[in-house]
Amino acid sequence: MSRLSSGKIIHWKLCEKWEFERGKTWYSHNPEKVLEPDEYKILWDFSIQTDKRLEHNRQDIVVFDKANWKVVIIDLSCPFDPRIQEKEKEKLDSCNVFS
């Protein structure tokens with residue numbers, strides 16, 4: 001399964017959870033770049049603007065919980081088994097600026 005297929009499943013399930021319009025199945029789902037109803041905002045494959053120049057500022061999915069002032073960044077990767085720890089460190093290091 002590819003990174004984008006995994007992302008589509010997550011996006012589709014988020015749309016289901018918050019009752020957004022979505023495809024009948026995850027594989028027929030076409031994620032919109034921005035979904036912004038009242039309480040939540042979902043960004044799909046979207047560049048995040050920061051005050052510092054970042055090489056990796058495009059996240060797969062970003063969820064804003066407006067009511068609780070929380071942000072969840074979902075950055076996907078599908079490495080081969082031997083590279084899982086290496087890829088996990090790479091993803092954490094690229095988001096370290098956001099913490």
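**View 1. A lysine charge sits over a phenylalanine ring.** Welcome to a predicted model, which we will explore in close-ups. In this opening view, look for Lys-41: its charged end sits over the ring of Phe-64, 5.5 Å from the ring centre.

**View 2. An arginine charge sits over a tryptophan ring.** Here the charged end of Arg-22 sits over the ring of Trp-12, with 4.1 Å between that charged end and the ring centre. To find your way, follow the chain into the loop between α1 and β1, where Arg-22 is located. Is Arg-22 buried, partly exposed or exposed? Arg-22 counts as partly exposed because its relative accessible area is 30%, and the partly exposed class runs between 20% and 50%.

**View 3. Arg-22 and the residues around it.** Which residues does Arg-22 touch, leaving aside those up to four places away in sequence? They are Trp-12, Cys-15, Glu-16 and His-29. With Glu-16 there is also a polar contact, in which the two side chains are joined at 3.4 Å. While you are here, you can also locate Glu-32: it lies 10 residues from Arg-22 in sequence, and the two C-alpha atoms are 9.4 Å apart in space.

**View 4. Aromatic rings gather around Trp-18.** The structure holds three aromatic pairs. One of them joins Trp-18 and Phe-20 in a tilted arrangement, 6.3 Å from centre to centre and with 50 degrees between the planes. Trp-18 also forms a stacked pair with Tyr-40, where the centres are 3.9 Å apart and the planes differ by 15 degrees. This stacked pair links distant parts of the chain: Trp-18 is in the loop between α1 (3-17) and β1 (34-35), Tyr-40 is in strand β2 (residues 40-47), and 22 residues separate them. Taken together, Trp-18, Phe-20 and Tyr-40 make up one aromatic cluster.

**View 5. The aromatic cluster, seen by its burial.** Are Trp-18 and Tyr-40 buried or exposed? Both Trp-18 and Tyr-40 are buried. Phe-20 has a relative accessible area of 13%, so Phe-20 is buried too, as the limit for buried is under 20%.

**View 6. Four strands make an open sheet.** Step back to the strands and you will meet an open sheet, with its four strands in the order β1-β2-β3-β4 and antiparallel pairing. Which strands are at the edges? They are β1 and β4, each of which pairs on one side only. Strands of a sheet pair through backbone hydrogen bonds.

**View 7. From β1 across to β3.** Two bridges join β1 to β2, and these strands run antiparallel. Look for Val-34, which stands opposite Leu-43 in β2. How many bridges pair β2 with β3? There are seven, again in the antiparallel sense, and Trp-44 stands opposite Ile-61 in β3. Strand β3 is mostly covered, with six of its eight residues buried.

**View 8. The hairpin of β3 and β4.** Our last stop shows strand β3 (residues 58-65) running antiparallel to strand β4 (residues 70-74), with five bridges joining the two. Among the residues to look for is Asp-65, whose bridge partner in β4 is Lys-70. The two strands form a hairpin with four residues between them. In the turn you will find Trp-69, which has a positive phi of about 55 degrees.

Terms used:
Residues are numbered from 1 along each chain as its sequence is written. This is a predicted model: local features need pLDDT of at least 70, side-chain atom pairs count only at pLDDT 80 or more; totals for chains, interfaces and linings use all residues. Side-chain values use heavy atoms; hydrogens and water are left out. Rings of Phe, Tyr and Trp (its six-membered ring) pair if their centres lie within 6.5 Å; planes under 30 degrees apart count as stacked, over 60 as edge-to-face and the rest as tilted. Buried means under 20% relative accessible area, exposed over 50%, partly exposed in between (1.4 Å probe, protein chains only). A charge sits over a ring if NZ of Lys or CZ of Arg is within 6 Å of the ring centre and within 35 degrees of the ring normal. Contact means heavy atoms within 4.5 Å. A polar contact is a pair of N or O atoms within 3.5 Å; within protein, one must be able to donate a hydrogen and the other to accept it, and residues adjacent in sequence count only if both atoms are side-chain atoms. Two strands pair if DSSP finds at least two bridges between them.
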